[in-house]
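Open your viewer and get the selection tool ready. We will go stop by stop.

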Amino acid sequence: MAKRTEPVTESDGCWSEGWWSEARHESSPNFGPRPLDACTELVVLHSISLPPGEYGGDGVRQLFTNALDWDAHPYFQTIRGMQVSSHFFVTRAGVVWQFVSGNDRAWHAGTSSHRGKVNCNDYSIGIELEGMDDDRFTEVQYQSLERLCAAIAQNYGIRYVAGHEHIAPGRKTDPGPGFEWSRLAHWPAISNWELPAELQESDKS
Ligand SMILES: [Zn+2]
């Protein structure tokens, strides 16, 4: 059994119809086709935990597959009936789940715009990081995120990466101040991805 030992430098797996071989797959019914003229050029980073602040459970996977028991926790009542998804979910242990083919349109961004283009779901890949807006993320999460981004860069013509907070300002605050954007600038595989303008400005100071 050949098992990889160098997670970032070895090959980043392969893609089949928008599904990444290195992720655990669990299909979400919450997706649709991308518009025919859409060019998948953006990666959107999020943070999520269910219930908020509780890590390691199945809540997020259940939410994305419409399997969450709305009565299992008081918080779930506030999101009852919500139908959402993201392409990827990276747990705090660094496990990568995939729910929607990258070739399809997942439902993660909501009302949003990036560089003047609305409806980011049309032309983006959504990655949820298990976490909270005001928490930090784990070392293995960053390692898995780097591998995932490298694989996405191999298969899609990504030009930009942004947080949900940047494409839906005033409405969303994730992944939040605990996310270290400066790390992305040092990942060779995505060196051509543009960070949000706000961050480029703050990096200069
Ligand atoms: Zn979000």
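Start by selecting Leu42 in strand 5 and Tyr160 in strand 12: these two are bridge partners. Now show both strands whole. Strand 5 and strand 12 run parallel, paired over four bridges.

A word on what you are looking at: this is a predicted model. The protein averages a pLDDT of 93, and 92% of the residues score at least 70. Select residues 1-9 for a contrasting stretch. There pLDDT stays under 50, and the model has six contacts beyond four places in sequence for these residues.

Back to strand 5. Add strand 11, which pairs with strand 5 in the parallel sense over seven bridges. Pick out Leu45, then find its bridge partner in strand 11, Ile127.

Next, colour strand 5 by face. In a regular strand, side chains alternate between the two faces of the sheet. Are the faces of strand 5 covered or uncovered? Both are covered: Leu42, Val44, His46 and Ile48 are buried on one side, and Val43, Leu45 and Ser47 are buried on the other. That fits the count for strand 5, with seven of its seven residues buried.

Zoom in on Val44. Beyond its neighbours within four places in sequence, Val44 has contacts that include His108, Cys120, Gly126, Ala162 and Ile167.

Last stop: the largest nonpolar core, which has 39 residues. Select Val43, Val44, Leu45, Val90, Ile127, Leu148 and Ile152, the residues with the most contacts inside this core. Then show strand 5, helix 1, strand 6, strand 11, helix 3 and strand 12; each supplies at least two residues of the core. In soluble globular proteins, nonpolar side chains tend to be buried together.

Technical notes: Residues numbered from 1 in each chain as written. Predicted model: local features only at pLDDT ≥ 70, side-chain atom pairs only at ≥ 80, totals over all residues. pLDDT = per-residue confidence, 0-100. Contact = placed C-beta atoms within 7 Å. Core = buried A, V, L, I, M, F, W, Y, C linked by C-beta atoms within 7 Å. Buried ≥ 20, exposed ≤ 12 C-beta atoms within 10 Å, placed from the backbone. Pairing = 2+ DSSP bridges.
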